[in-house]
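Trainee: Could you take one spot in this structure, look at it closely, and then work outwards from there? I'd like to hear how you connect what you see.

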Amino acid sequence: MSIDIPFSPPRMDQKIIDEVIDTLKSGWITTGPKTKLFEKRLTAYAGHKATLCTSSGSAGLELMLKWFGVGEGDEVIVPAYTYSATANVVVHSGAKPVMVDVNDDFNIAVDGIKKAITTRTKVIIPVDLAGFPCDYDAINALVNDASVAALFKPATAEQQELGRILVLADAAHSIGAHYKGRRSGNLTDISVFSFHAVKNMTTAEGGAVCLNLPDPFDNEQTYRDLCIKALHGQTKDALTKTQIGNWQYDVLEAGYKYNMTDIQASMGLVELERYDRDMLQRRKEIFDHYTKAFSAYPWAQLPAYETADKTSSYHVYLLRIHHIDEETRNRIMQSIFSRGVAVNVHFIPLPMLSYYKNKAYRIEDYPIAYDNFSREISLPVYYDLDEEKVKRVIKAVVGSVEENMS
Ligand SMILES: *Cc1c(COP(=O)(O)O)cnc(C)c1O
C-alpha cells in the first residue's frame, strides 16, 4: 500500500498563488515592500517591538547569536530534545552548546538550566516544542536573578547593555501560541519563528526575528542595525539603491546574506491574515479529535497542549505509548505506514546524532529526553486533513498499537 495520508503537506491555495504571481509580475522580487509589510504585520500580530524577516529560522537564530557577540569560549544552553538547527547555529558561532534535559512536556527543564549556568554562559535557547510554550516566567526570572546576573561576564557592547544572559527563544513551532495571555514572539528578549514548508505558517523557506529587548535597548534601532548585518553590512538595500542618484553605498562590516524575498513574504501575508481564524482553528480541531479518540485507550499518553497558562499553536501532535521500548515504537510506526498513513518522530535527541555523539554528548545524561523519544509517534496534522482522514489515522494507530503490543 502506498502512503495516501501524508504527514504535513503545505496548504497552497489559489489565494497564495495569486499573491505570488502578483509579486512575480511587479518587477520587484527580492526584499522590498511586501517583506516590510509582512514584518509590520508580524509585529502587530504577536505584540513584540520589531520584526526582521530572514531567509530561514536558522539564519535568524544564527544572526542573533552573532549580533550578541557569541563566540569561541562561550556557552549556550539548549535542550537535548530539539531539531538539530537549535544546536548547529551555536556550533557555527564558535560557542559550545550545553545541553539540558527536558520535562515530561518535551520542553527544557528550568532546574536543569539553573545547574548548567556558568560564567561562560551567554545565551539560553528554549524551544517551544510542538508549539507548546516553555516556562518563560521562570526562565526570565532566572536570568534576572541577582546571583545569576553576577556570574555574567559581558564582552561586547550588546552584552554590556543587557547585563545578563540573553534569552533567545527558538519559536520555530510556536507562532500563534499563548502564554498567560501573551503571544509567542512577546514572551522573552528575542524569539525566532520559522516559515519552513512543514511549519504551521510557511513561506517555503523563511523566518522572522521578533525583537522584544528591554530598556535601554532601542528595538527600532536594533532592527535597522540588523537589516545591515543581514545584508552584507551594506548601508543601503537593493531597493533603496534603485532610487535616482542613490547608487552609492558603504560596507560597515563583513555581514551575512540572510534577507527574505518578497516572493516569500507574499505567501506569508496571505497566511498571516487568516492564520488565527482558519489555520489554528483547524489544527485545534484535529488535536481535539485525536485527544478525544485516544483518551479511550489506557496505552495512550496524550500530549499537553492547553493548560491554565498555555495554549499551543498545535504544530505537532506528540502521542506517546505507555510502557514500550524504542524497538516496539519503531515496529508500531512501520505498521502505521503499512496502513497508508505517514507518521514521524519529533525529534531524535541531539546526543543520539553522530555529530554530537562524536563530541562526547551521551544520551544517558538526558533520561527524560530518551524516554520521551523512545515512546513518541507524531501524527499527521495539516489544514486539508479532513474528518474522514482523521478517523483513518486513528484507526491505523489503534490497529497498529494493538497488533504490536499483544
Ligand atoms: C524548523 C526548525 C528550525 C529551523 O527553521 P528553518 O526555517 O528550517 O531554518 C529551528 N528549530 C526547530 C525546533 C525547528 O523545528
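Mentor: Happy to! A residue is called buried if its relative accessible area is under 20%, exposed if it is over 50%, and partly exposed in between, using a 1.4 Å probe and protein chains only. This is a predicted model, in which local features need pLDDT of at least 70 and side-chain atom pairs count only at pLDDT 80 or more, while totals for chains, interfaces and linings use all residues. Residues are numbered from 1 along each chain as its sequence is written, and side-chain values use heavy atoms, with hydrogens and water left out.

Let's start at Val 393, which is buried, with a relative accessible area of 0%. Val 393 belongs to helix 15, spanning residues 387–405 (helices are DSSP runs of H or I with at least four residues, strands are runs of E with at least two, both numbered from the N terminus). Beyond the neighbours within four places in sequence, Val 393 is in contact (heavy atoms within 4.5 Å) with Ile 5, Tyr 290, Val 341 and Pro 380. For a sense of scale, Tyr 81 lies 312 residues from Val 393 in sequence and 26 Å away in space, C-alpha to C-alpha.

Helix 15 takes us on to helix 12, since helix 15, helix 14 (367–374) and strand 13 (376–379) are among the elements covering the buried residues of helix 12. Those buried residues are Glu 326, Thr 328, Arg 329, Ile 332, Met 333, Ser 335 and Ile 336. It helps here to recall that an α-helix has 3.6 residues a turn, so residues three or four places apart point the same way. Helix 12 covers residues 326–338, 13 in number, and its end-to-end C-alpha distance of 18 Å is close to the expected 18 Å (1.5 Å times one less than the number of residues). One of its buried residues, Arg 329, places its charged end over the ring of Phe 373, 4.6 Å from the ring centre. That label requires NZ of Lys or CZ of Arg within 6 Å of the ring centre and within 35 degrees of the ring normal. A similar arrangement involves Arg 11, which lies over the face of Tyr 383 at 3.6 Å from the ring centre.

Just past helix 12, Gly 340 has a positive phi of about 85°. Further on, in the loop between helix 12 and helix 13 (354–358), comes Phe 347, joined to His 346 by a cis peptide bond with omega of about 0°. Such spots are worth a second look: most residues other than glycine have a negative phi, and most peptide bonds are trans. Another cis bond links Asp 215 and Pro 216, with omega of about 5°; Pro 216 sits in the loop between strand 9 (207–211) and helix 9 (219–229).

Positive phi also turns up away from glycine. Phe 106 has a phi of about 80° and sits in the loop between strand 3 (96–100) and helix 5 (110–116); Phe 106 is buried, with a relative accessible area of 3%. Ala 130 has a phi of about 65°, lies between strand 4 (121–124) and helix 6 (136–144), and is buried too, at 5%.

A buried loop residue with polar company is Thr 188, at 5% relative accessible area, between strand 7 (182–183) and strand 8 (190–194). The side chain of Thr 188 makes a polar contact of 2.7 Å with the side chain of Asn 140. A polar contact is a pair of N or O atoms within 3.5 Å; within protein, one must be able to donate a hydrogen and the other to accept it, and residues adjacent in sequence count only if both atoms are side-chain atoms. Outside four places in sequence, the contacts of Thr 188 are Tyr 136, Asn 140, Val 167, Ala 169 and Asn 212.

Our last stop is helix 3 (residues 57–67), where nine of the eleven residues are buried. At its start, a side-chain oxygen of Ser 56 comes within 3.4 Å of the backbone nitrogen of Ser 58. The side chain of Ser 58, in turn, has an N or O atom 2.5 Å from an oxygen atom of the ligand. His 173 does likewise at 2.6 Å, and Ser 194 has a polar side-chain atom 2.7 Å from a ligand oxygen. After helix 3 comes Gly 69, with a positive phi near 80°.
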